[in-house]
Amino acid sequence: MKYSILFIFCLTLSLSSCADKDDPNYQYFPDMYESLAYETYQEADIFQNEQEAMLPVEGSISRGWMPYDYEDNLEGYDLAKAELKNPLVYSEENLKKGEELYNIYCATCHGKKGDGQGWLVQQEKILGVPSYDDQGRAITEGSVYHVMYYGINTMGSYASQMSEKELWQVDHYVMKLKAELEGKPERAFETEADNEKENEIETEAEEKEVATTE
Ligand code: HEC
């Protein structure tokens, strides 16, 4: 008995001295440690569509993206044109970024000045590109955003190329080009504080409106 205890003690000592601390230990039931993960597009009959990848639940909104309420039809266009406003302050920074993006995405057709004389137009590759001061169109902040979001006839949508903020930055720049074409005075830059004040005034006005209708 005495010797067997000693023997077991020595055996454990000798075995444990060989163990390499950097190696993973022996695993019983390895499935418990290493779960069998599904591949993204793997077929799997436990899911409804028999594929691992599923559509997001209806009504899901991806992070950093706000839903756009105006529909892709004439009514949606008219509504956006009349009431949709640029939420970004008219700052030098936003305008500069807008100019950069405009020159990348829009100037090939619309021209650097927004007069509808971009390179593709001069090469006669595309027809019917309007100037931003086209009186028949009378574009507004809202309508510009709407056409960038959905596209219009031969002009494609930019919703997947730019973030919401970038689209609004371009929007500011388009409105600046429009004012320049129309020979209007330059709009003064605003700061974050101006914008907050404006929002306060608007909410106060809205509250008053609600109070009077009640
Ligand atoms: C491939 C050429 C092309 C590019 C690039 C392009 N547009 Fe256009 N755009 C057009 C054409 C063509 C029209 C006229 C569509 C129509 O009404 O038939 C138009 C129309 C417009 C209008 C007037 C829409 C209205 O309300 O009547 C605006 C504003 C506009 N584009 C802004 C932009 C902005 C901003 C970009 C860049 C993000 C851009 N476009 C990029 C071709 C282009």
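Which residues of H7 are buried? Let's take that helix in this predicted model.

The buried set in H7 is Ser143, Val144, Tyr145, His146, Met148 and Tyr150. What covers them? The cover includes helix H3, residues 74-83, and H8.

Now the H8 side. Two packed helices are described by the angle between their axes and the distance between the axes. Here the axes of H7 and H8 come within 9 Å and cross at roughly 130°. H7 and H8 are therefore oblique to each other. The crossing of H7 past H8 is right-handed.

Who meets whom? From H7, we have Glu141, Val144, Tyr145, Met148 and Tyr149. From H8, they meet Leu167, Trp168, Val170, Asp171, Val174 and Met175. By class, that contact has nine nonpolar residues, two charged and no polar.

Remember the helix geometry. An α-helix has 3.6 residues a turn, so residues three or four places apart point the same way.

Next, the ligand. It is surrounded by 23 residues. Cys106, Cys109, Arg137, Asn153 and Met155 are the closest. Three elements give two or more residues to this shell: helix H5 at 107-110, helix H7 at 141-150 and helix H8 at 164-181. Which gives the most? H7, with four residues. As for the make-up of the shell, 16 residues are nonpolar, six are polar and one is charged.

One last detail on the backbone. Just after H7 comes Gly151, with a positive phi of about 85°.

To recap: H7 crosses H8 right-handed, and H7 gives the most residues to the ligand shell.

Conventions:
Residues numbered from 1 in each chain as written. Predicted model: local features only at pLDDT ≥ 70, side-chain atom pairs only at ≥ 80, totals over all residues. Near = placed C-beta within 6 Å. Nonpolar A, V, L, I, M, F, W, Y, C, P; charged D, E, K, R; others polar. Axes fitted to C-alpha atoms, helices over the stretch in contact; angles between N-to-C directions. Parallel < 35°, antiparallel > 145°, perpendicular 65-115°, else oblique. Left-handed = near helix turned anticlockwise from the far one by under 90°. Contact = placed C-beta atoms within 7 Å. Buried ≥ 20, exposed ≤ 12 C-beta atoms within 10 Å, placed from the backbone.
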